[in-house]
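I set out to record how the parts of this structure are arranged. The entries below follow the order in which I looked things up.

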2 protein chains.
Amino acid sequence: MAKDFTTRSEDYSQWYNELVAKADLAEHSAVRGCMVIKPYGYAIWEKMQAQLDKMFKATGHSNAYFPLFIPKSYLSKEADHVEGFAKECAVVTHYRLKNAEDGSGVVVDPDAKLEEELIVRPTSETIIWNTYKGWIQSYRDLPILVNQWANVVRWEMRTRLFLRTAEFLWQEGHTAHATKEEAIKETEQMLDVYAEFAEKFMAMPVLKGVKTPSERFAGALETYCIEALMQDGKALQAGTSHFLGQNFAKAFDVKFATREGKQEYVWATSWGVSTRLMGALIMTHSDDDGLVLPPNLAPHQVVIVPIYKGEEQLSQISEKVGVIKSELEAKGISVKYDNRDTHKPGFKFAEYEFKGVPVRIAIGPRDLENGTVEVARRDTKEKEVLQQSDLANKVEHLLENIQNNLFQKAVDFREEKTHKADTWDEFKDIINNKTGFVSAHWDGSEETEEKIKQETKATIRCIPLNNKKEAGKCVYSGNQSTQRVIFAKAY
Amino acid sequence: MAKDFTTRSEDYSQWYNELVAKADLAEHSAVRGCMVIKPYGYAIWEKMQAQLDKMFKATGHSNAYFPLFIPKSYLSKEADHVEGFAKECAVVTHYRLKNAEDGSGVVVDPDAKLEEELIVRPTSETIIWNTYKGWIQSYRDLPILVNQWANVVRWEMRTRLFLRTAEFLWQEGHTAHATKEEAIKETEQMLDVYAEFAEKFMAMPVLKGVKTPSERFAGALETYCIEALMQDGKALQAGTSHFLGQNFAKAFDVKFATREGKQEYVWATSWGVSTRLMGALIMTHSDDDGLVLPPNLAPHQVVIVPIYKGEEQLSQISEKVGVIKSELEAKGISVKYDNRDTHKPGFKFAEYEFKGVPVRIAIGPRDLENGTVEVARRDTKEKEVLQQSDLANKVEHLLENIQNNLFQKAVDFREEKTHKADTWDEFKDIINNKTGFVSAHWDGSEETEEKIKQETKATIRCIPLNNKKEAGKCVYSGNQSTQRVIFAKAY
């Protein structure tokens, strides 16, 4: 399977594209920029969804559903917002097709033109705040803690599977609060939820921080983010949580009566992660033999492959496998038994290796005699022969071990790839040669930020939360600076 | 709460609309025909989704995701299909907005016109079969058993929340098979899954049958359906499963190499249920006091309301409730403890009654002294005082009892509302006055079917599966007939 597979060092971008295709995760569709998420890829996304949904509910949120379409005029109501999203959206102008008069097929019916065009939602702040207006009268109606799982469309010219697609799947939380403090607390809480999910489930270490004003979400007063580092030394923004102030409440005139009977505008947050996380997951752990999945998100944590000749051996092995499978499943471990007779064990080994199944168990006639199995782990490629007794406990520990090992490896990698730069030459050398995160002083001006971006393609990924205050000089302008910020080239 | 609430006998349609609004299930959005599904309504839909998803996976299906947009030309590839769907669809013609030159807002950028218009999917057969073409080469690639949870858009002129909306949520299964027999078996299997879900979870009895040719899905050779009867005597199609033959394989040129090396077209099925089931659920069980939910789909199966004066009593009651709640939850029962101090117990009672929570437990200071609680069931309105000891077992049985009672009540209602008609006068009398299902002979001609529809608004809901063959005369034309079919007015 790993034959005809580009290595990371040869061409990281090509390696990624081939991996997504060969591991059956996703493919480009016939509709430009839109992807098909294949069953195996979707199963990983479902694991992500299930865990995130649990965490959202544990923090008091409920799911709801809002329309796919947004009236064009809504986008215009928040000035920054329309600036950020109007340039890349799918516009519905008609609501009917009709048979072409020349019989050549169907054509748009000009009589079915909409009075006001509808935009396929690129994000739902506007339609949701227009709805919240009807839900909120008094402080008793607050907070509103709602999340939506949905598809959104942003018309991208250059697309890459999972990382940047015209249509993608995501969740968007939209909350409404009586006070600024409570809204900020919510924004920070959801950032923590994202960070915990990234680290404990994706085994992907993240930096928590805030964006500079120029990188904020269109319409936000503050954008919090988690930033991860990919194997090629480029950063990837993995999730954002926005403090929206009263911008959307003002745009849609959403006020509430306080306990004291005054009328005040409502405070808002929004926060989201998307199928982009699939790209982050792939680029954090996978290797030149294919996908590597952390056990906490693997659709199958264990695959069992029988090694046999003939029906009788297979049936003996299958009987034993039945017992082993039940024991593993009783521990909550997901197990696939691949007893297809259309493929040889070697083919299956290669397939599951490429698909990143964390643990492979092989069992043949000798194992039956000896009461053993062969256990191989995907992350380190180590194999060992284990007694069948107490196997479920051993596998359970092995899965934990793999999860921890992947995380630690990623932490070590990030450590190694995080550099301080104190001069402009150092900065450029790191960005261009060493790659990774650069911690450097910045004078706080948008102008400097923009010039650094133009000269090196590096952007400020974030100002880390609880950043140490430290007097210094801007790595680019030499002006006074009070803190270091994190730069990198990014996806 | 039930004040200002129309009764079913006054105006069934108005009763439905008010119930959906007052029970916080859904509301109309600012976008014509599109609904907002509110958190409480969405929580019920999530319960439906979770159960259906489990049943789909238990029958070997995986989820995947396909594009929201369908190129216009794809719709035309299957002749019946385009005829069925082109008349009611949202058409994307542009991919960018720009600032209006007069500063009045944003307008569609005429330079950003798509070469080929994109249709927001009304259903996904075409885009999926175009994709399957790349997935299927040989019999080894079959069957493909895929389901998609998605939003779809069908431009409806007259909409009703859940029952008929321009955008709705659904699942659509799309499977590919090597043989006709296997595809038909799949179609029938999924109909059984739907029927089991409807009866065991929604507590809604359904007739299983096939549609007449004129009522088939656009592009299907056979449409299987489950039909339910609502309280106003109208039928509701609750789910369909289509045997598509080789129509889509031919339209998209999807062939496979058989075991013998021949090239053959692939056989297809598709099957779906939607948020329409929410409407069916509401109209099967609810009453003049609001929503009635079967325990198997209730977001909260039990609500506990404290009756207290002052902080101290509340804290004593809350301590006891903590114990009761844990015991119930240990049995897998979902429990909400409503200790809000902003609302009186009477208000809460009315609210949960209206929202259909199956079991309400009230607990006050006297209950603390006596070791009792008051338990009220929503379906029959019966109340009883129960000892706290062994309460979890009692509540568990009560929930089962409610589930069974709701189903039996619906079965009895359907029984009562199913009539045989042997003359045209009888037929009209039933349709116009008695309402419900009419079992009558039909000569099998589309012409007769159409005339009956024109004269009475009744349609053939289905030809029941395993229908008894019985010679007779068509209730309308008097022509020979071999079986009775089921007529009704329908949603």
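**Helix pair in chain B**

I noted that α9(B) and α12(B) are oblique to each other, because the angle between the two is about 50° and neither the roughly parallel class, under 35 degrees, nor the roughly perpendicular class, 65 to 115, takes it in. The model is a predicted one. I looked up the bounds of the two helices in chain B: α9 covers residues 310-330 and α12 covers residues 391-416. Their axes are 9 Å apart. I then checked the hand of the crossing, and α9(B) passes α12(B) in a right-handed manner.

Next I asked which residues of α9(B) and α12(B) meet. From α9(B) I listed B:I324, B:E327, B:L328 and B:A330. Their partners in α12(B) are B:L391, B:A392 and B:V395. Sorted by class, this contact has six nonpolar residues, no polar residues and one charged residue.

**Helix pair in chain A**

I turned to chain A and looked up helix α9 (residues 310-330) and helix α12 (residues 391-416) there. The axes come within 9 Å and cross at roughly 50°. I therefore entered α9(A) and α12(A) as oblique to each other. Their crossing is right-handed. On the α9(A) side, the contact is made by A:I324, A:E327, A:L328 and A:A330. On the α12(A) side, I found A:L391, A:A392 and A:V395. The class count for α9(A) with α12(A) is six nonpolar, no polar and one charged.

**Domains of chain A**

I looked up how chain A is divided and recorded domain 1 (12-285), domain 2 (302-398) and domain 3 (418-488). I also took the separation of domain 2 and domain 3 of chain A, whose C-alpha centres lie 50 Å apart.

**Relation of the two chains**

I asked what turn lays chain B on chain A. A turn of 180° with a shift of 0.0 Å along the axis does this, at an RMSD of 0.1 Å. The two copies are thus related as by a two-fold rotation axis. I then looked for the residue of chain B that comes closest to this rotation axis, and found B:V92, with its C-alpha at 2.1 Å.

Last, I examined the interface residues. In chain B, 100% of them are also interface residues in chain A, so the copies meet through the same surface.

How values were computed:
Residues are numbered from 1 along each chain as its sequence is written. Chains are lettered from A and ligands numbered from 1 in the order in which they are written. This is a predicted model: local features need pLDDT of at least 70, side-chain atom pairs count only at pLDDT 80 or more; totals for chains, interfaces and linings use all residues. Copies are superposed by least squares on the C-alpha atoms of residues with pLDDT of at least 70 in both. Two residues are in contact if their C-beta atoms, placed from the backbone, lie within 7 Å. Domain bounds come from an automatic or database domain assignment. Axes are lines fitted to C-alpha atoms, for helices over the stretch in contact, and angles run from 0 to 180 degrees between N-to-C directions. Helices (H or I, at least four residues) and strands (E, at least two) are DSSP runs, numbered from the N terminus. Angles under 35 degrees count as roughly parallel, over 145 as roughly antiparallel, 65 to 115 as roughly perpendicular and the rest as oblique. A crossing is left-handed if the near helix is turned anticlockwise from the far one by less than a right angle, and right-handed if clockwise. Ala, Val, Leu, Ile, Met, Phe, Trp, Tyr, Cys and Pro count as nonpolar, Asp, Glu, Lys and Arg as charged, and the others, Gly among them, as polar.
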